[in-house]
Amino acid sequence: MGYRIAVLGTGDSNVDQTVVPDGILEVASAEFEPVLRQVPNSEFPGTPDARARVAEAYYAAGVAAVEEGFDAVFINTMGDYGLQKLRDKVGVPVVGAGEAATHLALMLGNSFSVVSLWPPRLKFLFQHVLKDTGTEAHCKGLHFLTEDEDLETVGSEDNIITQLQACQYVPMKIIRDKCEQIFDEGEADTIILGCTCMAGMYPVLKADGLAVLEPMRAGYLATELLLKAGF
């Protein structure tokens with residue numbers, strides 16, 4: 001009998017998605033069934049207060065999934081919203097994409113940097129994850145590829161964040177150049193892509209020979225591993 005994994009979050013706040021993201025389907029094993037679950041009352045975590053509300057929404061969605069019989073919960077966001085509270089509540093594996101990516105990075109080296117398509121205004125989201133995972137000292141850089149004002153027009157075709165999420169050629173060059181700079185300057189051993197909405201960029205960067213960690217795939221595979229190990 002296969003395992004059912006509740007996936008919370010689509011990895012792309014600009015898309016009203018009802019199916020499991022491609023990044024997860026690419027790596028999912030045959031004996032596992034990932035199921036995308038809606039997160040009622042969630043919102044964009046643009047402020048610390050909003051982040052706290054989002055964490056409560058993810059917690060409630062995770063509890064509901066476990067009550068319906070899911071074998072594990074994967075929080076498909078670099079922000080790991082509600083992770084520890086949910087883990088303390090339910091008796092099944094709960095994995096966050098941010099937690100999995102940072103821990104995996106330290107299995108590959110002693111340091112990592114994060115490259116995010118989001119602007120500096122959201123730095124507090126990453127600081128929250130670093131503190132929760134105890135990896136602050138190992139993070140050598142948080143790099144933001146857009147400006148704070150870009151948040152005001154997210155979703156429009158000429159918005160740089162929208163273009164980055166669509167993996168357009170010119171925006172992809174921005175990401176590629178930043179990753180190459182980090183490695184060339186020896187800033188960190190590993191680069192983590194700073195949002196699960198960057199999952200579509202991973203195959204492009206990998207084809208360019210850049211060794212980056214993508215949190216959606218890393219987190220989902222960690223969830224499968226825990227179930228395979230009997231936890």
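Axes here are lines fitted to C-alpha atoms, taken for helices over the stretch in contact, and the angles between N-to-C directions run from 0 to 180 degrees. With that in hand, this predicted model can be described through two sheets and the helices that pack on them.

**The first sheet**

One open sheet has 4 strands in the order E2-E1-E3-E4, and the pairing is parallel. Strand E2 (32-37) and strand E4 (94-96) stand at its edges with a single partner strand each, so one side of each is left without a neighbour in the sheet. From one strand to the next, the twist averages 25 degrees. Strand E1 (residues 3-8) runs parallel to E2 and is joined to E2 by 6 bridges, and within this pair Tyr 3 stands opposite Phe 32 in E2.

**The second sheet**

Another open sheet of 4 strands follows the order E6-E5-E7-E8, again with parallel pairing. Its edges are strand E6 (139-144) and strand E8 (212-213), each of which has a single partner strand, so that one side of each is left without a neighbour in the sheet. Here 5 bridges join strand E5 (residues 112-116) to E6, the two running parallel, and Phe 112 stands opposite Cys 139 in E6.

**Helices on the sheets**

Helix H4 has contacts with strands of both sheets, while helix H9 packs on the sheet that holds E1, E2, E3 and E4, touching each of these strands. The angles given for these two helices are listed below.

| Helix | Strands touched | Angle to a strand |
|---|---|---|
| H4 | E3 (72-75), E4 | about 70 degrees to E4 |
| H9 | E1, E2, E3, E4 | about 165 degrees to E3 |
| H4 | E5, E7 (190-193), E8 | about 165 degrees to E7 |

**Where H4 and H9 meet**

The axes of helix H4 (residues 97-108) and helix H9 (residues 215-228) come within 8 Å and cross at roughly 95 degrees. Since angles of 65 to 115 degrees count as roughly perpendicular, H4 and H9 are therefore roughly perpendicular to each other. The contact brings Ala 97, Ala 100, Ala 101 and Leu 104 of H4 against Pro 215, Ala 218, Gly 219 and Ala 222 of H9, and by class it has 7 nonpolar residues, 1 polar residue and no charged ones.

**Two residues of H9**

Thr 223 lies in helix H9 and is buried, with a relative accessible area of 0%. Apart from its neighbours within four places in sequence, Thr 223 is in contact with Ile 5, Ala 72, Val 73, Phe 74 and Val 95. Lys 228 is also found in helix H9, but at 48% relative accessibility this residue counts as partly exposed. With neighbours within four places in sequence again left aside, Lys 228 is in contact with Ser 29, Glu 31 and Phe 32. Lys 228 and Val 92 are 136 residues apart in sequence, yet they lie 12 Å apart in space from C-alpha to C-alpha.

**Helix H2**

Helix H2 (residues 48-67) has 20 residues and reaches 29 Å from its first C-alpha to its last, which is close to the 28 Å expected at 1.5 Å a residue. Its buried residues include Ala 50, Arg 51, Val 54, Tyr 58, Tyr 59 and Val 63. The buried residues of H2 pack against E1, E2 and E3, and also against helix H3 (83-89) and helix H5 (123-133). Just after H2, Gly 69 takes a positive phi of about 105 degrees.

Definitions and conventions: Residues are numbered from 1 along each chain as its sequence is written. This is a predicted model: local features need pLDDT of at least 70, side-chain atom pairs count only at pLDDT 80 or more; totals for chains, interfaces and linings use all residues. Side-chain values use heavy atoms; hydrogens and water are left out. Angles under 35 degrees count as roughly parallel, over 145 as roughly antiparallel, 65 to 115 as roughly perpendicular and the rest as oblique. Contact means heavy atoms within 4.5 Å. Ala, Val, Leu, Ile, Met, Phe, Trp, Tyr, Cys and Pro count as nonpolar, Asp, Glu, Lys and Arg as charged, and the others, Gly among them, as polar. Buried means under 20% relative accessible area, exposed over 50%, partly exposed in between (1.4 Å probe, protein chains only). Two strands pair if DSSP finds at least two bridges between them. The expected span of a helix is 1.5 Å times one less than its number of residues.
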